[in-house]
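Me: I'd like to go through how a few labels in this structure are earned. Can you set the values against the cut-offs for me?

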Amino acid sequence: MDGASGTPGSAGTGGVRIAPVVLKTLITVVVSTVAYVITNLVNQSGDDLWKLAVSIVIGGSALIVQYMVDFEQRLTAMETGQRDRTRELHDHFVQLSEAAGLLSELDQAGMSTSDARRLIKSANQVGLQGPEIVKAFTRAEIESLASVVTALTGMTAHWQRDNNEWLIRLTECAQRTIDATSSSVDRRFWDTDPAGPYLDAQIEAMRDPGVNIRRLFMINAGEESDPGFLALCQGQRDLGIKVRYMVLSPQRHTRAAARDVVIFDSAVYLEFEPDRQQSNLQTRLDADARRVDGQVRRFNDLWEAAIEPSPDPAPQPQAQ
């Protein structure tokens with residue numbers, strides 16, 4: 001609201017501001033004048049010099065009081081500002097300590113602190129300059145990553161559809177073995193585009209650091225002589241993958257047998273669980289030692305009972 005200010009440091013009308021020193025001087029003169037008039041009225045027969053001295057003393061006291069009030073206000077403002085700055089510095093120090101502690105914990109756990117810093121810096125840059133849809137996408141990706149990592153504290157995580165990214169990433173991370181069952185549901189996968197990057201990742205894993213890969217095809221009766229199936233087996237054997245198959249009897253052709261399981265380094269596995277329509281709807285990552293051991297034993301038992309596909313016969317020379 002425009003008009004006269006209610007503080008001692010400013011006054012005026014029509015937007016005119018009076019300097020604090022001038023205002024204090026005017027107040028002192030007014031107080032001295034009023035004191036002189038009152039002294040003159042109370043003691044009309046007294047000495048004029050005494051009356052003037054009393055008015056000057058009172059005016060000076062008024063000036064001192066003004067400066068004392070102004071000083072107290074300034075001191076209070078400084079104390080309030082200092083407390084606010086101290087609180088901000090404390091909060092900032094606590095945040096830095098928490099961040100340093102988290103990075104230290106990551107380092108102790110064998111995780112990459114440089115990747116964590118890169119994620120934070122990149123997210124900050126996107127937040128400062130990216131369009132809203134990119135910001136929303138970044139937040140969603142970070143939330144998804146946080147959910148997966150949080151779930152893995154319990155040694156298991158779920159994804160409500162096929163997750164070929166997990167499949168390829170774990171293949172790239174494998175150091176010793178990859179054991180996989182491939183059901184009839186999975187047969188369609190090998191004719192899709194995502195199969196290419198997955199096979200490329202397996203080829204790279206077998207090259208360095210020399211991962212041993214076994215694939216067990218679970219097929220229906222009659223498929224063992226299907227040319228397409230035999231070509232699929234031979235193609236993977238040519239890549240260096242050990243291949244066997246098992247013919248499922250009607251009694252064994254259950255929903256459990258239709259699940260595709262990929263075990264990495266006998267330490268973690270991915271399970272692709274189909275619904276009643278035999279389409280993969282959920283991916284489960286599990287690193288629980290007891291359940292992993294059960295999957296490893298099951299795969300080894302199936303592998304021992306499985307059959308190696310016959311190699312393609314050598315082409316016969318044509319008669320002249």
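Reply: Sure. Buried means under 20% relative accessible area. Keep in mind that this is a predicted model.

Me: So why is Trp 190 called buried?

Reply: Trp 190 has a relative accessible area of 11%, and the cut-off is under 20%, so Trp 190 counts as buried.

Me: And what makes Phe 189 buried or exposed?

Reply: Its relative accessible area is 15%. The limit for buried is under 20%, so Phe 189 is buried.

Me: How many aromatic pairs does the structure hold?

Reply: There are 6 aromatic pairs. In one of them, the ring centres of Phe 189 and Trp 190 lie 5.2 Å apart with the planes at 70 degrees. Centres have to be within 6.5 Å, and planes over 60 degrees apart count as edge-to-face, so this pair is edge-to-face. Phe 189 and Trp 190 also form one aromatic cluster with Tyr 198.

Me: What makes Phe 217 and Phe 229 edge-to-face?

Reply: Their planes are at 90 degrees, with 5.5 Å centre to centre; over 60 degrees is what the label asks for. Phe 217 sits in strand β3 and Phe 229 in helix α7, 12 residues apart. Both Phe 217 and Phe 229 are buried.

Me: How do you know that α5 is roughly parallel to α6?

Reply: Helix α5 and helix α6 pack at an angle of about 10 degrees, with axes 9 Å apart. Under 35 degrees counts as roughly parallel, so α5 gets that label relative to α6. Their contact residues divide into 6 nonpolar, 2 polar and 1 charged.

How values were computed:
Residues numbered from 1 in each chain as written. Predicted model: local features only at pLDDT ≥ 70, side-chain atom pairs only at ≥ 80, totals over all residues. Heavy atoms only, no water. Axes fitted to C-alpha atoms, helices over the stretch in contact; angles between N-to-C directions. Helix = DSSP H or I, 4+ residues; strand = E, 2+ residues; numbered from the N terminus. Parallel < 35°, antiparallel > 145°, perpendicular 65-115°, else oblique. Nonpolar A, V, L, I, M, F, W, Y, C, P; charged D, E, K, R; others polar. Phe/Tyr/Trp six-rings, centres within 6.5 Å; stacked < 30°, edge-to-face > 60°. Buried < 20%, exposed > 50% of the residue type's maximum accessible area, 1.4 Å probe, protein only.
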